[in-house]
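Hi,

Here's the structure I promised to pass on. Have a look at it first, and then read my notes below.

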Amino acid sequence: VLPSPDGPAPSVSITEIRQYLRAQDIPFHDGYSCLHTPSLFAGDRGDQPLSASAPFTLFIDKTTGSFLCTATLAEGTWQDFQANVELRHRGITPIPPASSEEMEEEMRQAREDARCIWERALPLCELLDEKEIKETKALFGISMVTDATLKRFGVRYLRAARSLVFPWFSPQDATLKGLKLVRVEKKGSTITYVEETLPRFDSYRNLFGLPLIGRRDTELVLAGWELDALALHQAAGVASLALPRGASCLPPTLLPYLEQFKRITLWLGEDLRSWEAAKLFARKLSLKRCSLVRPGNLQPRPLEALNQGLNVTKILRSALLASHKSIVSFRQLREEVFGELVNTEQVSGVKWARFPELNKLLKGHRRGELTIFTGPTGSGKTTFISEYALDLCMQGVHTLWGSFEINNVRLAKIMLTQFAGRRLEDQLELYDEWADRFEELPLYFMTFHGQQNIKTVIDAMQHAVYMYDITHVVVDNLQFMMGQEHLSVDR
């Protein structure tokens with residue numbers, strides 16, 4: 001029986017998954033973050049047992065049980081997988097779980113839009129004016145990146161939007177599935193890169209550079225940015241991929257594509273946030289095969305290293321192993337301690353843009369810290385905390401809200417008003433524009449309301465941390481979540 005669509009999917013352990021596969025005579029072998037099996041959706045007839053000689057193209061996530069078939073791009077939950085095995089036993093050819101028609105239409109539209117933009121964009125070396133090519137390359141800091149490298153990765157330039165265009169080709173049939181546009185904004189001496197994706201942010205899953213990876217490649221460098229992947233390939237000749245959303249998250253759907261590598265080096269950026277993210281992602285990818293490049297003055301991000309003429313291969317060789325034994329000496333910690341002393345600003349966490357006084361008190365938002373706000377009913381806790389969380393969320397901190405007191409619709413209305421900085425009920429014609437921008441934020445809501453079993457809530461939080469790389473959880477409020485009868489218990 002499939003779970004009801006509104007309830008959370010029942011959790012499944014890796015032991016249960018293995019037992020089920022053995023009981024159903026499905027051959028499998030153990031990967032780093034997934035189990036590999038032959039696909040239910042490719043090839044042979046339904047009533048035949050799956051052959052161990054068939055290519056193992058279906059990957060089952062060891063943590064969540066969800067699957068992805070890289071040959072047919074069928075994906076779904078563990079319950080979907082079991083339902084399809086049952087269909088197979090009855091001699092019916094399994095059908096991949098379909099997404100809603102609305103989603104399908106949205107993806108089709110995004111692909112069409114991407115194709116139009118792609119056709120209008122030109123390879124940089126084909127801009128007629130040599131001066132324009134030089135200026136554009138200088139603007140993006142890629143003067144050292146050769147035309148051959150840009151061509152190899154298929155990077156183009158869209159004159160009308162003054163943006164670099166990075167394609168997303170399907171690993172299955174090399175059709176164009178989407179794009180990322182990157183443009184430069186200058187404010188005084190600071191340069192910021194503004195990114196836009198087609199399809200939308202949450203369904204953009206491009207491992208940039210994937211079509212260039214050979215079947216026999218066993219070592220990989222994972223970068224946090226497309227231009228870093230170009231620099232790595234050019235400077236060190238290594239297989240390199242860029243994560244679709246940089247150091248902010250590694251969607252589990254991408255893990256199957258990383259299974260073939262025996263060694264992965266994570267070099268996500270040059271600040272402490274990307275170092276923290278690298279440690280988090282290494283756990284997902286399996287610590288024993290990961291190494292991390294520690295950010296520092298002599299080890300900036302790959303593009304910077306190329307521009308400064310540093311030896312990129314040497315930096316990669318000095319990467320630290322992610323798996324550590326239970327005991328370490330100061331000698332192993334020495335570099336980390338120095339990094340904390342050098343980067344005191346970054347160590348103190350992500351600063352609030354709207355609350356300078358709060359930065360003095362709390363220094364910034366840091367992982368692993370608990371902050372409790374108290375006050376009488378109606379004193380503005382929820383209003384303040386939604387503003388406080390929104391501030392961080394707008395800076396790319398992935399946030400999960402558990403609102404047990406007011407429902408999610410009301411909370412989202414408060415946050416959208418704060419985000420837009422105006423009363424949208426008086427200007428309804430602006431609603432869609434602001435809602436579209438608000439939707440791009442890495443913000444998620446738990447669907448609980450009122451008193452809850454604490455284990456259920458913690459399970460939901462852990463699931464969100466794995467799936468969406470949440471680094472900030474808000475519980476509003478403890479009293480409502482625990483209910484009245486727990487007040488005497490030590491919480």
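Before the strands make sense, you need one rule: two strands count as paired if DSSP finds at least two bridges between them. Strand 8 (residues 163-169) and strand 9 (residues 176-187) run antiparallel and are joined by seven bridges. In that pair, Trp-168 sits opposite Gly-178 of strand 9. Keep in mind that this is a predicted model.

Zooming out, strands 8 and 9 belong to an open sheet of five strands, ordered 6-7-8-9-10, with antiparallel pairing. Its edges are strand 6 (122-123) and strand 10 (190-198), each of which pairs on one side only. Helix 3 (residues 101-120) lies across strands 6, 7, 8, 9 and 10, and runs at about 60 degrees to strand 9.

As for domains, the assignment gives domain 1 (14-90), domain 2 (99-204) and domain 3 (356-480). The C-alpha centres of domain 2 and domain 3 are 32 Å apart.

Now for helix 1 (residues 14-23). Which of its residues are buried? They are Ile-17, Tyr-20 and Leu-21. These cover an arc of only 95 degrees around the axis, so they end up on the same side of helix 1. They pack against strand 2 (34-37), strand 3 (58-61) and helix 2 (78-89). Over on the other side of helix 1, Gln-19, Arg-22 and Ala-23 are exposed. After helix 1 comes Asp-25, with a positive phi near 60 degrees.

Next, the cores. Nonpolar side chains tend to be buried together in soluble globular proteins. The largest nonpolar core here has 32 residues, and Leu-220, Leu-222, Leu-258, Ile-264, Leu-266 and Leu-285 have the most contacts inside it. Strand 11 (219-223), strand 13, helix 7 (272-285) and strand 14 (290-292) each supply at least two residues of this core. Helix 7 gives the most, with eight residues. There's also a second, separate core of 25 residues, which includes Leu-392, Val-397, Trp-401 and Val-474.

One last residue to click on is Thr-265, in strand 13 (residues 263-267). Is Thr-265 buried or exposed? Buried means under 20% relative accessible area, and Thr-265 counts as buried because its relative accessibility is 7%. Leaving aside neighbours within four places in sequence, Thr-265 is in contact with several residues, including Leu-220, Leu-222, Ser-291 and Ala-319. On the same basis, the contacts of Leu-220 include Ile-213, Leu-258, Phe-261 and Thr-265.

Cheers

Terms used. Residues numbered from 1 in each chain as written. Predicted model: local features only at pLDDT ≥ 70, side-chain atom pairs only at ≥ 80, totals over all residues. Heavy atoms only, no water. Helix = DSSP H or I, 4+ residues; strand = E, 2+ residues; numbered from the N terminus. Buried < 20%, exposed > 50% of the residue type's maximum accessible area, 1.4 Å probe, protein only. Contact = heavy atoms within 4.5 Å. Domains from an automatic or database assignment. Arc of directions from axis to C-beta. Core = buried A, V, L, I, M, F, W, Y, C linked by side-chain atoms within 4.5 Å. Axes fitted to C-alpha atoms, helices over the stretch in contact; angles between N-to-C directions.
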